[in-house]
Amino acid sequence: MKITRRHFIAGSVVLGASATAARDEAVLPVTGLDHLNIHVPDVRRSAEFYIKLFGAEVARAPNAAANPGSTPAELWFIRLGQSFLAISPTPPGEKPGIDHFAFAVEGFNGEAMKQKLAGLNRQFSDAPPGNNLWARDPGGYLIQMNAPATPARVPGAGVGAVLVEAVGGAKRNPAFQATRISHLTLAVPKLDASASYYRKLLGEAAGKQKGRFRVGASELVLGAAAGGESFRVEVAGFEAAAAVSKLKSLGVNAQLARDRSVAFRDPDGIRVQIG
């Protein structure tokens, strides 16, 4: 049979589609950053700080574990639009920082997903069955994977959190209207090892930067250990100068970053950006 140009193009399309399907099958179908959990020495002080900034919807769990390996304690949760921030106590011997972060996975099925995590350092294999899985990356960061949350679901509901009303039942009026956690920057000791891990988990890096990965509408950024970890909250109607002014009125020393976001540190030294 003579192979015409039309046959060649049609075959190429089929091969391309097959290659794409194979590539997609190997990649975790992540739709976004579901939440970030930070651990701090004083959860109530930290919660009060973030409530002033973003706390239109706040929840609290009186005695829950931040992850399957931690001791149950008081946890706070603050909705950040499509994401939320969780606040838990600092484990003994650790500094304030990231406890874990969670990827929202489309069509999440724990049993089926275990196969995708083969060789990716899955954690807590003996933990009770639940609607989530855990893994640890080469930099030591703990990753949670679960089904995407819905806006109607109370932040932290999975561990028993309930909404906390403002004093007197008044409507909260935070300084900013958060829409999502848009960037999460991890401080990794070996960029190549961490980048290889996240390529297996999330797919190819975004653009030409091997340490930058798309996570739905957000980004995961791998940085040098010396640079430190941070997270950025996307807010509605962002205007840099106005954000700096508003933060300073709340006693927060904020600065304009090179990428036109606004950077500051929370009471425990955790680096935060608004953009």
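## The overall picture

A residue counts as buried when its relative accessible area is under 20%. By that yardstick, buried residues make up 45% of the 275 residues in this protein. Keep in mind as you look around that the model is predicted.

What is the chain built from? Its secondary structure comes to 5 helices and 16 strands. Now think about contacts between residues at least 6 apart in sequence: 68% of them join residues at least 24 apart.

## A seven-stranded sheet

Let's start with an open sheet of 7 strands. Reading across the sheet, the order is β11-β12-β10-β13-β16-β15-β14, and the pairing is mixed. The edges are β11 (212–215) and β14 (255–256), each of which pairs on one side only.

Want to zoom in on one pair? Strand β10, covering residues 178–188, pairs with strand β12, covering residues 218–224. The two pair in the parallel sense, over 6 bridges. If you'd like a spot to find on screen, go to H183, whose bridge partner in β12 is E219.

Here's a handy bit of background: in a regular strand the side chains alternate between the two faces of the sheet.

## Helices lying across the sheet

Which strands does helix α4 lie across? This helix, residues 191–202, lies across β10, β11 and β12. Relative to β12, helix α4 runs at about 160 degrees.

Helix α5, residues 240–249, lies across β14, β15 (262–265) and β16 (271–274). Its angle to β15 is about 20 degrees.

Just before that helix, check out A236, which sits in the loop between β13 (230–235) and α5. Is A236 buried, partly exposed or exposed? Its relative accessibility is 39%, so A236 counts as partly exposed. Leaving aside neighbours within four places in sequence, A236 is in contact with Q177 and T179. A236 and Q177 are 59 residues apart in sequence, yet their C-alpha atoms are 5.6 Å apart in space.

## Strand β4 and its partners

Now move to β4 (83–89). Why can we call β4 largely enclosed by the rest of the structure? Because 6 of its 7 residues are buried.

Strand β4 pairs with β1, running parallel to it, and 6 bridges join the two. One place to look is H35, whose bridge partner in β4 is F84. Strand β4 also pairs with β3, but here the strands run antiparallel and are joined by 5 bridges. In this pair, L80 stands opposite S83 of β4. The hairpin of β3 and β4 has 2 residues between the strands, and in it G81 takes a positive phi near 65 degrees.

## A closer look at E74

E74 is found in strand β3. How accessible is this residue? Its relative accessible area is 17%, and since buried means under 20%, E74 is buried.

Who does E74 touch? Skipping neighbours within four places in sequence, E74 is in contact with V43, R44, R60, A61, P62, I87 and P89. Along the chain, E74 and P89 are 15 residues apart, and their C-alpha atoms are separated by 7.6 Å.

## The largest pocket

Time to look at the pockets. How much space lies in the largest pocket? About 920 Å³. A total of 41 residues line the largest pocket, and those nearest its centre are N131, N132, W134, Q144 and N146.

Several elements each supply at least two residues of this lining: β1 (30–40), β3 (73–80), β4 (83–89), α3 (110–116), β6 (122–123), β7 (132–136) and β8 (142–146). By class, the lining of the largest pocket divides into 20 nonpolar, 15 polar and 6 charged residues.

## The second largest pocket

The second largest pocket has a volume of about 550 Å³. Its lining is made of 28 residues, with H39, P91, E94, I98 and D99 lying nearest the centre.

Which strands each give at least two residues to the lining of the second largest pocket? They are β3, β4 and β5 (97–105). The largest share, 3 residues, comes from β5. Sorted by class, the lining of the second largest pocket has 13 nonpolar, 10 polar and 5 charged residues.

Notes. Residues numbered from 1 in each chain as written. Predicted model: local features only at pLDDT ≥ 70, side-chain atom pairs only at ≥ 80, totals over all residues. Heavy atoms only, no water. 1 Å grid on protein atoms, 1.4 Å probe; cavity = no way out; pocket = protein on both sides within 12 Å on 5 of 7 lines; lining within 4 Å. Points joined across faces, edges and corners; volume = space filled by probe spheres on them. Helix = DSSP H or I, 4+ residues; strand = E, 2+ residues; numbered from the N terminus. Nonpolar A, V, L, I, M, F, W, Y, C, P; charged D, E, K, R; others polar. Pairing = 2+ DSSP bridges. Contact = heavy atoms within 4.5 Å. Axes fitted to C-alpha atoms, helices over the stretch in contact; angles between N-to-C directions. Buried < 20%, exposed > 50% of the residue type's maximum accessible area, 1.4 Å probe, protein only.
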